[in-house]
Amino acid sequence: MSPILGEINRRDFLKYSAVTAAALGLSQADVVTKVSEAIAASTSKKPPVIWLEGQDCAGCTTSFASALNPPAASIILDTISVRYHETIMAAAGYKSEEVLHATVKKGGYVLLVEGSIPTADRRFCMVGGRPFKEIVEECAKNAAAIIAVGACATYGGIPAAGPTGAKGVRDIVKNKPIINISTCPVHVDHLVGTIVYYLTTKKVPPLDKEGRPVMYFGETVHDNCRRRSYFEEGIVLEDWNDPKQKNWCLIDKGCKGPDTYSDCSVRKWNDGLNFCIDCGAGCHGCAEPTFYAGMTPLYSDITGKADELKEKTRLGSAKQLTDKQRKEV
Amino acid sequence: MGKKITIDPVTRIEGHLKIDVEIENDKVKDAWSSGTMARGIEVLLQGKDPRDASYVTSRICGVCYSVHQLCSAYALDDAFGANVPVGGTLLRNLVMGAEYIYDHILHFYHLTALDYLDIMAIANYQGKDKDLNAVKDKVVGLVNKNDTYPLTPRYEPDEFCVSDPDTVTTAVKHYIDALSMQAKARNMGAIFGGRQPHYQSIVVGGITQLPDINQVLMFRTMLDEQKKFVDEVYYPDVIYFGTDPLLKLAEIGLGGGHYNYLSYGALQTNPPNNDLLFPAGVIVNMDPANIEVQPFDASKVTESVKYSWYKESNPLHPSKGETVYDLDKKDAYSFIKAPRYDGTAMEVGPLARMLVAKNPTLIDLVKKGVKPGAVARHACRAIETKMVVDACYNWLDQLLTEMTKPGFKIHDTDHWDPPATGEGVGFYEPPRGSLGHWISIKDKKIANYQAVVPSTWNASPRCEKGTRGQYEESLIGVPVPDPDNPINVVRVIRSFDPCLACAIHLIDPQTNEIKKFIVE
């Protein structure tokens with residue numbers, strides 16, 4: 001079994017470097033110089049990161065991999081030292097588990113968790129032959145910071161509505177601060193920004209009562225919605241085919257924007273390209289602890305806000321108003 | 001009894017997979033594929049508003065999200081009696097087109113290429129190319145700083161690994177370029193999909209994004225960039241590797257398996273006309289010299305649970321299947337069930353699609369000595385990516401024509417409210433292979449939901465007859481000269497582009513409820 005690069009003593013390192021040197025086509029003299037340099041530099045300064053995946057869909061990983069500014073490749077190779085990430089790493093099997101154990105033993109890493117943790121039966125998620133809950137508990141102990149990534153890892157998400165007793169990290173790890181970056185999947189800006197905040201300040205950013213960074217989750221989607229004026233007037237979209245209705249309020253299509261804290265309306269998604277409300281689908285509340293069970297049915301108004309509008313707007317019901325508006329245009 | 005080794009987790013795939021192999025005389029003698037995570041997605045859908053299904057099933061997988069969303073929408077369209085307007089179908093196809101492009105590029109470069117490259121050969125690059133020297137400086141810099149994660153540790157390179165410095169350095173440059181290209185392709189899909197990952201606009205009856213001309217132009221501009229990358233980088237890379245440095249692996253047909261192939265068929269090239277980009281069909285016990293394609297008959301699909309953690313029952317059609325959870329079952333070793341076609345284990349995915357279509361480029365490669373197996377799977381992904389890029393231009397042209405007609409529609413608004421009762425099925429061919437969603441509706445709620453996904457077919461355990469699943473069969477005879485370094489095993493498994501979150505989603509441990517699915 002070969003030693004693990006980055007977690008080895010000097011003798012091992014020399015031994016390993018000799019092997020590497022052969023692979024690199026370097027002479028022994030080169031090796032000595034390089035080894036001295038490497039040890040003088042006391043190895044890498046890049047902060048170690050462990051990214052665990054439990055009951056996940058890899059959507060948050062995919063979201064992270066869609067970073068273009070800065071590109072994901074530069075984050076992975078230049079900014080952080082990804083010691084363990086099942087979807088990215090070259091290693092597999094015992095090789096990957098060795099790195100995990102060595103990194104945990106040394107401590108001081110940033111722990112990212114994607115996916116929920118099953119509690120009904122530990123066998124619902126096994127990685128490397130071990131229950132995922134056990135892995136999270138062990139990795140949390142020596143972590144410098146813990147970030148729960150996405151709806152499942154923060155509050156249980158969609159799996160929490162299912163039969164496996166799926167929980168978020170905050171339900172498992174009790175004695176440490178946990179940064180919750182919700183939404184399904186995680187917004188890459190929220191994730192990268194939070195990691196950089198921590199690496200810069202070595203502090204947890206100010207959090208709201210649900211553990212979310214206030215800088216991203218301080219206002220509701222509704223607060224900054226560009227359809228807001230139509231909401232106030234009670235003018236709601238009824239037909240996606242009608243170009244006149246294209247920007248009307250989606251509350252009657254089940255939009256959960258008024259009850260959802262996230263800066264999606266301002267930041268949008270995918271480098272400002274589009275987002276849930278712009279595409280006519282509405283917000284489905286994926287940033288909230290009550291998502292998904294408390295947000296269903298997704299495409300119906302569950303809070304009675306459309307009815308409130310009927311009371312509030314002097315011109316009558318939202319539906320009537322739509323008809324009236326249509327005639328006027 | 002040979003030596004038994006376990007690879008757990010199999011990394012650089014979607015989800016949690018364990019592979020056990022028994023090795024005798026330096027070769028795999030037997031193999032077992034186990035899915036080791038479950039969430040119960042279908043169970044949690046019971047009792048919910050049926051329209052939620054396309055949103056929730058998207059979360060079956062965060063890599064291939066749009067495929068479940070779309071397949072679910074087709075099942076809902078069927079159950080609601082919705083007629084998706086041509087505009088809606090074209091937009092759905094374009095979203096799916098973007099999925100094909102990013103998924104195949106991501107798989108080749110980021111999930112599998114490291115299995116074929118001795119990445120440390122970069123240090124020997126002596127050329128003058130500025131970009132390649134930048135790659136060299138980056139990797140050598142990482143080595144000097146003693147921090148080459150996540151590129152190491154790894155299984156050690158073997159005799160099949162490419163170690164020519166120019167080739168490896170170029171490939172790693174393409175790996176880095178491709179990371180941006182796959183992100184851009186996904187953003188391209190988000191123009192009509194709303195946002196990604198997990199597109200937002202796909203609903204029963206069509207799509208919610210009423211496009212404007214500028215969005216069509218933006219899609220086309222982004223598609224131009226993708227086409228350039230596919231034509232000039234991805235496709236040539238795959239064909240070059242398959243016919244030159246990896247020809248030996250291709251010729252021995254590493255990872256062949258059962259040689260049975262299935263495609264449900266999908267993607268109307270000119271909706272509402274029913275011509276499909278990927279035709280449906282079945283090939284059993286293929287003779288490469290004379291490929292015989294039979295018509296696909298949906299009634300011949302059954303699922304066995306003999307070696308899965310579900311209560312014993314006879315193999316049943318998914319529409320009539322019963323699923324009762326049993327975690328302590330003797331001899332069971334996977335959360336994945338074992339789908340069979342006419343009692344036979346099948347491979348689904350790019351290789352199956354291109355064989356069923358008798359794609360001339362693939363047939364040509366086969367004539368050059370490329371046997372159906374791991375390398376051919378990579379080649380087929382590249383071939384069909386080119387087909388999809390061309391189809392996207394065609395769909396954009398049709399969309400522009402449709403948009404300029406009066407009364408242009410994207411959604412069947414008359415069928416938005418759930419029916420009191422209904423049954424629906426959606427068949428689809430996403431990048432990883434044949435996908436089916438089944439729904440039954442009672443009292444305007446979901447009574448039952450079931451998905452049989454590509455990785456269920458490919459990663460299945462043995463069935464009641466003891467026949468291995470396709471992953472398992474494809475590992476038989478694979479060379480493993482060093483049990484500590486089973487690089488060929490992961491090469492074969494990754495060539496299928498496994499998606500384990502997709503494969504497992506069925507169980508109900510709390511109630512042991514029997515799920516019944518009835519589809520006309």
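This is a short dialogue on reading a helix and a chain interface in a predicted model.

Biologist: Let's start with α5(B). How many residues does the helix have, and what span should they give?

Modeller: Helix α5 of chain B runs over residues 130-144, so 15 residues at 1.5 Å a residue should span 21 Å. The end C-alpha atoms are 20 Å apart, which agrees.

Biologist: Now the sides of a helix. What is the general idea?

Modeller: An α-helix has 3.6 residues a turn, so residues three or four places apart point the same way.

Biologist: And here, which residues of α5(B) are buried?

Modeller: B:Val135, B:Lys136, B:Val139, B:Leu142 and B:Val143. Looking down the axis of α5(B), you find the buried residues within an arc of 130°, so they line one face of the helix.

Biologist: What does the face turned away from that buried side carry?

Modeller: The exposed residues B:Lys130 and B:Asp137.

Biologist: What do the buried residues of α5(B) pack against?

Modeller: Two helices: α4 of chain A, together with α6 (165-193) of chain B.

Biologist: Anything to look at just after α5(B)?

Modeller: Yes, B:Asn146, which takes a positive phi of about 60°.

Biologist: Back to the chains, then. How many residues of chain A and chain B are in contact?

Modeller: On chain A, 89 residues are in contact with 75 residues of chain B. Elements that each supply at least two residues to chain A's side include α1 (10-24), α4 (72-79) and β2 (81-85). The largest share, 6 residues, comes from α3(A).

Biologist: What is that side of chain A like by class?

Modeller: The side touching chain B has 49 nonpolar, 28 polar and 12 charged residues.

Methods
Residues are numbered from 1 along each chain as its sequence is written. Chains are lettered from A and ligands numbered from 1 in the order in which they are written. This is a predicted model: local features need pLDDT of at least 70, side-chain atom pairs count only at pLDDT 80 or more; totals for chains, interfaces and linings use all residues. Two residues are in contact if their C-beta atoms, placed from the backbone, lie within 7 Å. Helices (H or I, at least four residues) and strands (E, at least two) are DSSP runs, numbered from the N terminus. Ala, Val, Leu, Ile, Met, Phe, Trp, Tyr, Cys and Pro count as nonpolar, Asp, Glu, Lys and Arg as charged, and the others, Gly among them, as polar. The expected span of a helix is 1.5 Å times one less than its number of residues. A residue is buried if 20 or more other C-beta atoms lie within 10 Å of its own, exposed if 12 or fewer, and partly exposed in between; C-beta atoms are placed from the backbone. The arc is that of the directions from the helix axis to the C-beta atoms.
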